[in-house]
Structure formats: structure tokens, C-alpha cells
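Q: Please take a close look at the aromatic rings in this one. Then set them against the rest of the chain, and tell me how far I can trust the coordinates.

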Amino acid sequence: MAKYKYGSQVGGSGSGVDSIARGGVNDLTSKLAVTALDLDGRGLSVADEQFGAIADWNDVTKTGTNNAVIFQNASNEAKNLDVPLVIPYGKFYVNGAVDVFTSVICFGEIIFPNSQALNLFNFTPTKTPIALDETSLGGLLRGSNKITGISGYRGGTLVLNSTEVLIKRFNKDAQGNLTDPYYKNDTAVLTDNDGNILPALDCTYTDTSKLTAFIAPEERPLIVDNLRVRIVGDTSASSTVMRIKRSGVTFNNLSIHNDSGVVEPSTAISISDCVRTSFNHLMIDGFRLDGSGYGVSIGNSSFTDFNDCHIYDCRHAISGRHGKAVRVSGGSYSSDIDTHWGNDYIIENATIEGDIKYAGTDITLKNCTVTSNLALLSVRSDSPEIMGNVVIENIKVKTSQTLFDILFYANSASNFYDGFSFDRELQTPDLVRIKNITVEAPSVTYIRYIKFSAGVKFLHKPIKKVEISGVNTKPNVRKVLDIWKNTDYHQGVSYNPLVIIRDEDMKGDNTSTGYTVYCPDNSTIEDVTWGYEFILENCKNINFRCDDNTYTSATIKGGTVKRVTNVATKSKFGNGVWLRDTTIDGDNGGATIAVSANDLQLINSIIQGNVVINTLNVDRIRMFINSYRMVGATGGFVTTSDKVKNNYIDPIKFAQN
């Protein structure tokens, strides 16, 4: 069999490097691609005489020679020769499936009919998978980086598929029946011959009778350059254009365009049972089939990278479940990034015009511009579990909403989960960090940092740590942390969740509805064994409205306070409310401090304007040190010296200005 060099025979009829600029492919990109793939000096063209691919697609008559069998024959021969497959200039009609086993360089364009139910390109392994004895495997625990019972196969891909339930799914089909749960799955790279793997397992496998495990042996990485696919036709078969089940495939300048008018194809790219898939400068548009409509569907896979990719006009730009170590860097996405279950997603430097939804473990959003009318990040309501760290930093948000959530947890409707059980406690993040968020919203009047309260009616733990700072928007927009304590659903909590808010002008006022930190206790039976620890540093216009038994301590340091009250009368516990270096600002609408007995402590603080503190109940104040009541301050604040001596550590001092 002939071996073909790029250059004189890449197009099948003497198209040399000097003619690369012809054919609608970017000249510089094409030259670089040829140079990269010409390193071994070989390639096999589908238009060679032994195959005879014909580039005769006619955009007017919508007809052309079907090259499906020809492409497959050429692909098989490229595999035998271990050389890249070359698609020369021209428009090649391919009505059928083609299995691809080697690298590919494309100068032309593939025309694929929407009516074809088969996948156009399948990137599949060439080596036979190695079936494992599941009962002999050990270390099948979430977070494990070592699987015992495996010897050899360094560089191979470990694939675990199970019918053991990961999470029940609160989702109903068109007939109102609950859909199937999500099952446990994992992939990883074997980093040596002793069963060490990366990334760590996402799931714990307790029933090996439900587990299928195999290893795909390591194969040569593939490079696919400049492949262009155009979808045509008025009939949809809901097909997937490209299915990737082989590890180590890199796509450069891949383009998949729906040119079929009103017909909406199902999925452009599907990824499963593989690792190390990279897309550089990917372009997809026009996949909007109801119920799917995926630009890229990420299945059971690891280490998937998107670099400067652009996915437009899809129902979901990126979706799927069981993707681990996914990186989205740069690019633009004009629809949702919707992950039903993931682990370790990083989305950075991207422009997203759609909602970001997530369930699973660890997600980071950084340096992005997002246009959304739902929330910046929503935890999926059908599988509302998210673990590890949620980091949202340096984001510019555009929205037309009057109320906008930065992190929206599950569904807030009070009866949403009534009658349904996930049959286990769902996990919540160890850390939520919200930092440097700019909300551009002409109509917004109300921003919630986090909405995680009434309506989340399933067993779960409170978020362990929340850090908030640098949320900016137009003037006079109130910013609120909306959480709750409910021991009907918070059971066996062994820690005090920590909430730290810094340098925020929260725009609260002196009304019961103008709160900025809101934490009611909706429990049937009160539990005072745990509570939140609130720290607010250098924040302005704070309205702290939390039931007394929801927090062990609340420290407000610096800034200004408009109101401190509870939601309802509850048992009081903990260390109360500490105001350090803080101004209780009774100007412009007054201020109110209404706390439980012996629960207010003022240190180095100032009281100004019209301030009401529990309608003269001086026993509410536990400590008053180096604090001042400004001249002219009014309201029900006690000043008689005998009560001061009986109830305060230091007497009240009056400023002399």
C-alpha cells in the first residue's frame, strides 16, 4: 500500500503546500496544521485512487455522492499503515458512520444529513479492553487514588460503570413519572503499574455485583486538525455527529455547523469512557433539539479541556454527567453550561450568555462575563448535591432581573420536594467563596449572595464556611445572605458553620423587611447544640435579622448597623451580638437594636441619631466599653448612672463634639 506525503499528494491531485490558502480554511492555520502533521512525512488521502472519494456536493440541488463506505475503507487502511487520514479540499457528502482510528487532517468540508441516525465520526480504541475481576479490586472508595488488584497497564484508562445508585433524581417525564436515578461511574488514568490513578475516584462502590470494570490500554495520542462538518436536510433523526470513546484525542479548529434551517439536531459531540480529550478553537452552532440539544455532552470521562472554544445557539453549550477535571478556558458560550453531575470543573476567562447549573463536587468560576436571568450559579434542583469548594471570583454579571442570586441552592418553592425523598442525606460545600462580583442590572433592586433556605426540604448539612466580599452593583441595591437553620433537615451537625462578610455596603434599612443577613429557625424542635458564627467586617448598613438560637456568636466589626433583631422568639444561646468599632447609625430612618436579654456587647462603638435599644430594657446589654452616644442622639437608650453601674462594665460616655 502506498504511503502519502503531505504536500504533493494531500489533495489526491497534486495540491501542494503553496495551494493551502485555497478552500476556505484559514491560510495560516492550515499551514501550521500541515507542518505539525508532516513531522513523520506520511498520510493517506480519502481521494487516493484506491478509495476514490468524490467531492461533488451541490448546495443548490442538495445532492452528492455518498462517500461513507469510501471514508471507512480509507480509515481502516490508515489504521493498518499507522498514518494520519487526510481529507482534501472539496465538499464531501457522507451519509453514514465512519470509525476513525488515527490522526486526521482536513482541508475540505464534510456534509452530513440530519436524517442519518448513525453517528458520523466515531473515535474508538484500536486495542481490546482488558476486563477486570471486580471482586478482586480494592480501594473503591470516594477520594481514593489507588486501586488494589491491578497490576500493569501504566498509562491505560480505568473505566468503572455501575448500576449502584449515586443519587435519586427528582425529575418527572411527560407522563409525570419520576425518571431513573443517576448511577455511579468513574474514569481515571493509571499513572503506574501498581494501580495508582488520577484523578481520584468520585464514588464509593459497595456492591461489586453491580460493577463493570475494564482498562483501555494506552494508545498513541491522536490529533485532528481543521475538521469541518456541516449538517443539512429537513428531517431530523436526533443523531450525534461525533462520539469520542478513545483517550488522548486533541481537536484543533474543529467546526460543526447546523445548516438545516428549522430542523434542530440532537448532539454535536458526545464523550464517554475516556480521558484526556482536548478542544482548541472548537466551533459549534445550531443544536437545539428539545430534551437534548447539546453542543458537547460530557459523559463518564476525565481531563477534558476546552481552550478558546465558541458554542452558539444550542440548548446547552456544555452538559452531561460524570465528567471529572474539566477545564473551560476562554471562548464564548451563548447558552447554558449545565452539569448534571461533575467533579472538579474550572470555568475561567470565558463569556457565557446562559445559566450555569451544577451538581457534584468542586466548581470554580473565575474571570468570566456572564449574562443570566436565573442566577450566576444554580445547584440543580433534580440532583441538588454539591460538595467540596464552590469558588466564584472576578465575575461580571449582566441580568435583566429585579432579584438576582449569585448562588441559588436547589428550589426555593416551599412545597417543591413534598412527598419525595432522596433516601439519604445530601452533602453540601465545605467552602463557598464569593469575591469581586460586579452585577450590571438596570432593574435590579435586590441581590442575594446565597439563597439556601426554606424549600430545601431534604436531609442536608449547612455549608461549613462562607466567605463574601467585593460584590458591586448600582447604588441603593440591597444585598442579602438568605440561609436558615432547621433541625428537621439539619441533623447530627457537629460543627458551627462560619460566615464571614467583608467590605460590603449591604444597603439595609431600619425595617423588618430590609434585612441583609437573614437566618430564621424553622425547626419543629429547637436544637441549641450548634449554630452559625457570623463575622461582618467593615460592612455598611447592616440589618441583621436572625433568630437567637441560629447563631453562637455574631461579631460586627467596623462599618455601620441599621437594625439587629430576631425573626421570632426562640431559645437564646451562645455569645450574643458583639459590636466592635461600629456605628449604630440612627440617621436617615433610625436604627433598632432588639436582642435577647444580656445579648448585646458594644466595644469602641458610636451611637448616633435616633436609636431604639429594646425600649429601655437595659438588661439587654451585657458589655459597654469605650463606646459613645453622640450629642443629639435620641431614642430609648438609657443614660442614668445607677443603671449604668448595675448593668454595664463601663459607664456611657458622651462625645464632646
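**Ring pairs and their surroundings**

A: Of the protein's 657 residues, 57% count as buried, where buried means under 20% relative accessible area, exposed means over 50%, and partly exposed is in between (1.4 Å probe, protein chains only). Keep in mind that you're looking at a predicted model: local features need pLDDT of at least 70, side-chain atom pairs count only at pLDDT 80 or more, and totals for chains, interfaces and linings use all residues. Numbering starts from 1 along each chain as its sequence is written, and side-chain values use heavy atoms, with hydrogens and water left out.

For the overall picture, the protein has three helices and 48 strands. Those are DSSP runs numbered from the N terminus: H or I over at least four residues for a helix, E over at least two for a strand. If you take contacts between residues at least 6 apart in sequence, 65% join residues at least 24 apart; a contact means heavy atoms within 4.5 Å.

Now for the rings. The whole structure holds 18 aromatic pairs. Rings of Phe, Tyr and Trp (its six-membered ring) pair if their centres lie within 6.5 Å; planes under 30 degrees apart count as stacked, over 60 as edge-to-face, and the rest as tilted. One of the 18 pairs is Tyr 89 with Phe 107, which is tilted, at 5.2 Å centre to centre and 45° between the planes. Tyr 89 lies in the loop between β2 (85-87) and β3 (91-93), and Phe 107 in the loop between β5 (104-106) and β6 (109-113), so the pair ties together parts 18 residues apart in sequence. Phe 107 is buried, at 2% relative accessibility.

Next come Tyr 409 and Phe 452, whose ring centres are 3.9 Å apart with the planes at 5°, so this pair is stacked. Tyr 409 is in strand β31 (residues 403-409) and Phe 452 in strand β33 (residues 446-452), so to speak a link between distant parts of the chain, 43 residues apart. Both of these residues, Tyr 409 and Phe 452, are buried.

Then there's a cluster: ring pairs link Trp 530, Tyr 532, Phe 534, Phe 544 and Tyr 551. Trp 530 has a charged visitor as well, with the end of Lys 485 sitting over its ring, 4.7 Å from the centre. "Over" means that NZ of Lys or CZ of Arg is within 6 Å of the ring centre and within 35 degrees of the ring normal. Arg 478 does likewise with Tyr 446, its charged end sitting 4.5 Å from the ring centre.

In the loop between β38 (532-537) and β39 (542-546) you'll find Asn 538. Its phi is near 55°, a positive value in a residue other than glycine, and it counts as partly exposed at 46% relative accessibility.

Further along, strand β40 (residues 551-557) pairs in the parallel sense with strand β42 (residues 577-580) over four bridges; two strands pair if DSSP finds at least two bridges between them. Here Ala 554 stands opposite Val 577 in β42. β42 also pairs in the parallel sense with strand β44 (residues 600-603), over four bridges, and Arg 580 stands opposite Ile 603 in β44.

As for trust, the mean pLDDT is 86, and 85% of the residues reach 70 or more; pLDDT is the predictor's confidence in each residue, from 0 to 100. Two stretches call for caution. Over residues 1-40 pLDDT stays under 50, and the model has 74 contacts there beyond four places in sequence. Residues 638-657 also stay under 50, with 42 such contacts. Where pLDDT is low, the predicted coordinates should not be read in detail.
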